[in-house]
Amino acid sequence: MKHRPPAPVSDDDARLFREALGDQVRAFDPVEPTPSAPKPEPQAHMLEADEAAVPGELLDMAFDPSMLEVGEELSYLRDGYSPKLLRQLKRGQYSIQDEIDLHQMNAATAQACISDFLAEAKHNGIRCVRIVHGKGLRSRAAGPVLKVLTDRMLRRRDDVVAFASARPMQGGTGAVVVLLKGR
């Protein structure tokens with residue numbers, strides 16, 4: 001049942017009410033409302049929880065970090081192309097024309113998205129794209145799942161000429177810049 005606000009009292013109704021009660025009723029002096037308590041300062045509970053969890057996570061590494069460092073840079077150049085091309089890509093001398101972000105995706109979804117993204121880029125004549133795969137900091141024992149998946153997929157594709165980890169301001173080792181073959 002919906003609660004409706006009371007209808008406003010007309011002057012005639014108020015006069016009739018006062019006449020009916022007579023001298024039995026007197027008006028109260030207005031009372032100021034008590035001041036509300038000051039709001040507490042905001043606290044970053046999630047930040048505190050994340051910071052507290054770090055020591056435990058560092059001790060719980062089930063994978064060998066020497067096999068793949070989280071900060072390891074990715075780079076690849078297809079045979080038959082000049083090493084100068086890869087150097088230019090690493091220096092950021094190619095303009096990124098499109099990008100995709102794989103954060104919060106599982107491996108199967110990310111794989112499908114990468115395939116669709118690169119097919120669409122090729123169809124649209126785009127030559128340079130960025131794929132943000134993340135650094136795998138929350139992957140725990142599995143290591144950086146999406147980073148490894150992206151590296152493996154790009155090396156197997158015929159339309160990929162070269163790729164390299166992005167420059168720090170473009171995502172660093174959490175993203176890769178990909179150079180595709182022209183039409």
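**Fold and packing, in questions and answers**

Q: Among contacts in the protein with a separation of 6 or more, what percentage comes from residues 24 or more positions apart?
A: A contact here means heavy atoms within 4.5 Å. Taking the contacts with a separation of 6 or more, the part due to residues 24 or more positions apart is 69%.

Q: In what order do the helices and strands of the protein run from the N terminus on?
A: A word on the ground rules: this is a predicted model, where local features need pLDDT of at least 70, side-chain atom pairs count only at pLDDT 80 or more, and totals for chains, interfaces and linings use all residues. Residues are numbered from 1 along each chain as its sequence is written, and side-chain values use heavy atoms, leaving out hydrogens and water. Helices (H or I, at least four residues) and strands (E, at least two) are DSSP runs numbered from the N terminus, and the protein has 5 helices and 5 strands. Their order is α-α-β-α-β-α-β-α-β-β.

Q: What percentage of the 183 residues counts as buried?
A: Buried means under 20% relative accessible area, exposed means over 50%, and partly exposed lies in between (1.4 Å probe, protein chains only). Of the 183 residues, the buried part is 27%.

Q: Which helix gives the largest share of the largest nonpolar core?
A: A nonpolar core is a set of buried Ala, Val, Leu, Ile, Met, Phe, Trp, Tyr and Cys residues joined through side-chain atoms within 4.5 Å. The largest one has 21 residues, and L102, L118, V129, I131, L154, F163 and V178 have the most contacts inside it. At least two residues each come from helix 4 (107-123), strand 3 (128-132), helix 5 (145-156), strand 4 (160-165) and strand 5 (175-180). With 5 residues, the largest share is that of helix 4.

Q: Which elements are included in what covers the buried residues of helix 5?
A: The 12 residues of helix 5 reach 17 Å from first C-alpha to last, close to the 16 Å expected at 1.5 Å a residue, where the expected span is 1.5 Å times one less than the number of residues. Its buried residues are L146, K147, L149, T150, D151, M153 and L154. One of them, L154, is in contact with L118, I131, V160, F163, V176 and V178, leaving aside neighbours within four places in sequence. The cover of these buried residues includes helix 4, strand 3, strand 4 and strand 5.

Q: The side chain of D151 makes a polar contact with the side chain of which residue?
A: D151 lies in helix 5 and counts as buried because its relative accessibility is 17%. Not counting residues up to four places away in sequence, D151 touches L74 and F163. A polar contact is a pair of N or O atoms within 3.5 Å; within protein, one must be able to donate a hydrogen and the other to accept it, and residues adjacent in sequence count only if both atoms are side-chain atoms. At 2.9 Å, the side-chain partner of D151 is R155.

Q: Which residue of strand 3 is the bridge partner of I100?
A: Strand 3 is largely enclosed by the rest of the structure because 5 of its 5 residues are buried. Both of its faces are covered, with C128, R130 and V132 buried on one side and V129 and I131 buried on the other. Strands pair if DSSP finds at least two bridges between them, and 4 bridges join strand 2 (residues 98-101) to strand 3 in a parallel run. Opposite I100 stands I131.

Q: The backbone oxygen of which residue lies 2.4 Å from a polar atom of the R130 side chain?
A: R130 sits in strand 3 and is buried, with a relative accessible area of 15%. Beyond four places in sequence, the residues that R130 touches include F117, Q170 and V176. The backbone oxygen at 2.4 Å belongs to Q170.

Q: Which residue of strand 5 is the bridge partner of A162?
A: Strand 4 has 6 of its 6 residues buried, so the rest of the structure largely encloses it. Strand 1 (residues 75-77) runs antiparallel to strand 4 through 3 bridges, with Y76 opposite F163. Strand 5 is also antiparallel to strand 4, through 5 bridges. The strand 5 partner of A162 is L179.
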